[in-house]
Structure formats: structure tokens, C-alpha cells
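Me: Could you take me through this model, starting with its salt bridges and then turning to a helix pair?

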Amino acid sequence: MHKPLPLQCTSLNFRDYQFAQAMLFAIEEINNSSDLLPGISLGYKIYDTCGSSARGVQVALALVNGDEIVSAASEEPCTKPAQVQAIIGETSSSPSMAIATVIGPLHIPLISYFATCACLSDKIKYPSFLRTIPSDYYQSRALAYLVKHFGWTWVGAIRSEGDYGNNGMATFTEVAEQLGICLEYSVAFFRTDSSDKIQKIINIIKASTSKVIVTFLSHMDLEVLIHELSNQNLTGYQWVGTEAWIFDLQIAAMDKHHVLDGAIGLSIPKAHVSGMKEFILDVKPLNSSSNEIFTEFWEALFSCKFNLSESLAENQRQCTGDEDLTGMHNSFTDMSLMPIIYNVYKAVYTVAHALHSALSCNQTCNNKVQLDPFMILQHIQRVRFKTKEGEEVYFNEYGDPAAKYEIINWQPRKDDVVDFVSVGLYDASLPAGKELNVQSQSIIWARNLKQVPVSVCSEKCPPGTRKVLQKGKPVCCYDCIRCAEGEISNVTDSITCERCLPEFWSNERRDACIKKEAVFLSYQEIMGALLTAASLFGTCMTAIVAFVFFKYRKTPIVRANNSELSFLLLLSLTLCFLCSLTFIGRPSEWSCMLRHTAFGITFVLCMSCVLGKTMVVLMAFRATLPGSNMMKWFGPTQQRLSVLGFTLIQVIICILWLSISPPFPYKNFKQFKDKIILECALGSAVGFWAVLGYIALLAMLCFIFAFLARKLPDNFNEAKFITFSMLIFCAVWITFIPAYVSSPGKFSVAVEIFAILASSFGLLVCIFFPKCYVILLKPEKNTKKSMMGKGAPK
């Protein structure tokens, strides 16, 4: 409804006055130098923008227009126009952006010593802007790395509502997300905001669970916020700050309630310029009424108007101009901002060196060169020199200097004074991963603690677990889920569990893969030892029977049924017992081929002998019938050939099996999750079942012939015993098939060994034990008469 009042500067800022004094010091030093710009004197004009973008543009245009009348005549006429060749300033980012936008098309260099917004590095928008302070692009990244270094993944953020705060926080947020850092809240405010808005920000801080607050605040905005936080005694938070306030004694003096105790942040590295402090403090009031700014400064400094000096008891007194600043303690005598003051010094020298180059100065300068701002801008962009303190000054293609920051920690003393302690360094020029160097043991944290505060949404997931995001929450809020069997995570905060290789399995803690236990039927375990004992026992029993038969080979009972086949059958049974041993132990390429072929061939040899004995009994009985000549066609030679022929068929089957697709050692990972079953794969299933099928065929023939001869005279033949042994044999191998298929791992091998031993024992006991009984215990029946006496049918 009303036209706003024009902007007025209402008070003097000692900080900005220090900057003005630094510029004057640099100019006087250059003008008194015979090496830099010999014969040339630098002039200057100073305007106060009062931190306003509008006023900054106004005074910049006044400098650019150069329409002021030269008030003092000189001995030599001034040959250069009053238009400035370069502007030093502004302090803040937003006014600098406004000024750079206006003077950019004119190519007038604008060199700032304290405007850090990364947006000002855009050479398309701000072609003539340069600065002697690093860009917030580097500071924002450095802050993110600093936060990550201390393990803070859940932080709050407060920024100034302006280009400095918004752009700085935007870069920080982008880098923080890449590093796995989440912002619980991010709020902005300006120092002129209402108390209600500031209260909302304070309520957000109170309601938050994060204990770390990252700030991109100007010192003026922070002053307002600190006042409100102090009123509500909101202490105990870990503050992370920027160069705008982290090294500011004025902010520290205001923090009476220790809200910022333990704060940590980035600062421009300490600097020292010899003679600078003495020059700044060596000020006297001027009598001229036209120099109101100096008169106002002097009155403010000595409390003539604003009562800023605590060392003086009188609030109102006359200033004489002879006052001494020695012993004064206020924001003007505070030299904590010397790094920024040094940036002003470097900015002035940058312009001087550019002029020195443009004027081709050596012993003298070429005064005939017609200077223009664009020429000066080009020389400034290429300038490279060392200050008297030894620091090299230059600009990159964006008009920015090399980025280097000190890490500052607020350490309160007992006398309510804060020490700004350097606890590390960030150098953006170093290789990736080595930019940050922090001495954590030297830091004092919030609440005067020595231990790093914790600020996370969720505790770290230990090895053996993985992170699962909580629905509807940021990525830093998650639950820790234990890895599944066979999977591990061996790092903290793993987002996935890695599956172990097939030969490995996860341990109980799920943080390491351990080699699976190799399972096979070994001689050392009880089951393997028992089967080995049974095999050796069967071998010994067969050997004993063979010994008995050999000793009594002349007796009728041994000779009655082809003793040659009996001894061959005993040999084959011995081999059957021994072949079971090839199934025990770690499978190898040779053992896998041997166990199946040895088993197949020895059992066929055994069945061939039994079949031969059965046929001998049957044919011998038929031969006693009138007119029969059956024994002529089944004599000893034919019996040997039949055994050889039947066995040779199995040998051919085994050779084909081994040639086409032989058995091989195989690691079975599927049957047990945490064990490896070492077994022999069949290679060709057709070959395996052909071997078993052929044995079954011979067994069925034996059973049929024995069944046909079952009613022959008992003492003359052994048909009943063969029939009974074949019943046992068939029963064993019929039950073997389902038991073998359903048995896991080494138990399937044990089932196969058991079937071999059981069927072998069945043949040995049923066929040979009755004869041994007669030979050893009933010798009176082991006669031809006795056997023939009961041979006639009833």
C-alpha cells in the first residue's frame, strides 16, 4: 500500500572496515614499491553496499560510469579516465551475483574475497568474475567428506535463504547422497524472518533424532539463530559449519549459552601479512567533516555513540583523536579474520600484477598503452605470482583459486573463551581419497565429550547381515536381516549377501565361507570299519572253505558236483568279498572304474559257476534215464566254456561302458547344503544297468534251473541249496534298488556294499556250509555208499 523507504545503512560494521583497511594497506605497499608498477600510482574509491544487492548494483554503476569530477589537481595531468579498471568485492554471494551480472557485459573484472557460491564459477553468466577464496563447490564436498569421515549418516541441515546457502547446501546434499548420508531435514531462513518461522525451525530441531547439524549460514543469519537457540537452551547438538562463521570470535562471544561448543568446520587456512595488523590498528579520526565514515568509525570504536568498548566506564564522552587502540578488545581489534583480510590483500595485488603485465612494466611502465577493462580481465585470468609471504596466487578456468581448508574445532576454556583449534586439513589438489586429513584425537565434541557423537538413523549392520530399507523412509533407515544359509556378508552395512562358492558354506555367524566337509565312506568311521571287517571276514571264511575243500578234495561229497566249478565259485566269492573294499575310501578316477567293473565281472563269474553247477546236477540226473546222452554235451570242457562265455559277455559290456562313458569321481553339492558328497558318477547309466541286468538274468536262470532240480535226491545234488541261495540273492538285489536310490550320500555306497556282502554270504553259506558240515562233523556220511544209499527214489 506504501512505497518502501529507501535503503539506509544504520550502523558501522567493523569487519567490513577491516577489509577496507586491508585494501588501503595493499595499495600503499604497491605504490611505495619500485618493483611493481614503477612510476604508477594506484587510486581507489570505496563504497559501502551495506550487504544489499540493490545498493551493490548502484555503487557498481557509479564506479563504472566514472562521471565524478577530479577534485584535486596534480603536478602531472591525469591521462587515464576516471572509469575503474577493476572492482574488489563484494563480501557476500548474492550482491556479488547482482554486480557481476550488470558489469559482466562490460568485461570489468570483479574480484571477490569472500563470495563463495559455486554458482559464480559459471563463466557464461559471470564472465568477468574472479575470487581469491575457494568456491563452495569444494567446501560443500569437503563438508560431506568430513561428515562421512566421522560416520554421521543421519544429519539435519540449516542454510541461509539466499544464493550462498541454497547453492552450497544443494552441492552438499548431492555429494552426501553419493556417500550414503541422509538429511533428516533441510530448512532455510533469513535473518529478517518472523519469530514464528524461526520457532518452527527450532521445533524441527527438537523433534529430530539426528544429533548433527550441518550449516550453510552467513554470520549475520547465525547471530539471529543463536540468540533464539540460547533462549530455549537448545544445547548438545554437534554443529558443522563453513568458513562464514567457524573462525568468527564475534559469533563465539555471542554464544553465552554454549550452543556451539565443540563445533567443527572448515576455514580458510591461517595467514599472516607482515605489517598488516599494525596498519589496520593505526587509525586516527579526520577533522574534515566530509569524511563522515571515518568519524563514525572512530566514535563507534570508542563508544562515543554505540558503547562498544567494555574497557571504558563512561558511555558518553568527547573523542579527542589521540586515543590509542592498545588494550582495546572488540570486533575491530580482533584479527581472527586475517585469512579473509589476506584475500583482500591478494585481490589488490592481482590487479596490480595484471596492470604490470598490461603496461609491459620493467624498469618503467609504458604509460601510452590505452587500457581497457577487457585487456585487464585477460591479464588477470593469466596472472601467476607469489606474495611476499611465499604463497602462489593464480586462477583456474572458472576464476577460482586452489581450494584448501583448515578443519577448525571450537574448544571452550574455563573462562568462557573459545579456542579455535586446527585439527586437520582438506586439500582438493591431492589425489582422490587423500584430500582429508583429520587428527580425531585432538577434537573436543559437543557436551565437552572426547568420543565422537553418533548420529545415525539405524545402527550399522554387522557382518553376517544385510540392510533392508524401511518402507517409506530414507535409505539410511533400515533393518538388519541375517544372511540366509550359504550366503555371507563380511563387511559392515552390506546391502547384499554373497552366495558362497559351491565348495564352500557359510559359517554360523554368516560372515565367512568355510570349506564344506567332504563326505565319503571312509575306513576310519564306524560304518566303514564294520563293512571292511565284514568283507575281510567273508574273504577269510571263503578261504577256509576253500582250504577244507582242497584238503578233502578226494572225498565223494567234494567230487560229487564238479569240484573244479566249486573251487572256481569259491575264487569268485573271494573276489566278490574283496571288490566291496573298492567302494570304501575317497573316490578317484581309477577306483570309480574299478569298483563297478570288478563288481560286475566277479558276480557274473560267480553266477556262471552257480549256473554251471545247477546245469550239471540237472543234466546228470537226466543222463541216468535210459537212452539219454546229455552228459556228452555238457562235460567238463563244455562247463568251462560256458563259464568263460558267460563271463566274457560281461567283460565286453564293461569294456564298452569304460570306452564310451566310464564312471568318474563327482562332487555332489545338491544332496546336502553344508556338505560335499564325494561319489562315483555312473557315466553311462545304460552301461551300469546293463551290467546289473546281465547279473540279474544269470541269477534268474540259476533260480529256474535250481527250481527244476529241487526234487532230485538230496544227497546226490545241491539243487535245494542253490535254490535257497538264489532266493536270498534275488531278495537282496530286489530290495537293493529302492534302498540305493533313496539313500543319501555315503549311505547309498554302504547299501551297495551291504548287498554285495549279503548276496556273497548267502551263496557261501547256502552252497558250501552244508558240505563243510558233513565233511567236518559227519565224516561217516562222506562216503560214496552213504550218498548212493539214499539216492534211490522212494
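Reply: What follows covers the ground rules, some salt bridges and one helix contact. This is a predicted model, in which local features need pLDDT of at least 70 and side-chain atom pairs count only at pLDDT 80 or more, while totals for chains, interfaces and linings use all residues. Residues are numbered from 1 along each chain as its sequence is written, and side-chain values use heavy atoms, with hydrogens and water left out.

Me: OK, how many salt bridges does the count come to?

Reply: The count comes to 17 salt bridges, each being a side-chain nitrogen of Lys or Arg within 4 Å of a carboxyl oxygen of Asp or Glu.

Me: And what does Asp248 meet in a salt bridge?

Reply: Asp248 pairs with Arg15 at 2.7 Å, N to O. Because Asp248 lies in the loop between strand S7 (238–241) and helix H8 (249–254) and Arg15 in helix H1 (residues 14–31), the pair ties together parts 233 residues apart in sequence; helices (H or I, at least four residues) and strands (E, at least two) are DSSP runs, numbered from the N terminus.

Me: Are those two buried or exposed?

Reply: Both Asp248 and Arg15 are buried, where buried means under 20% relative accessible area, exposed over 50% and partly exposed in between (1.4 Å probe, protein chains only).

Me: Switching topic, which residues make up the network of salt bridges that share partners?

Reply: Glu503, Lys515 and Lys667 are joined into one network by salt bridges that share partners.
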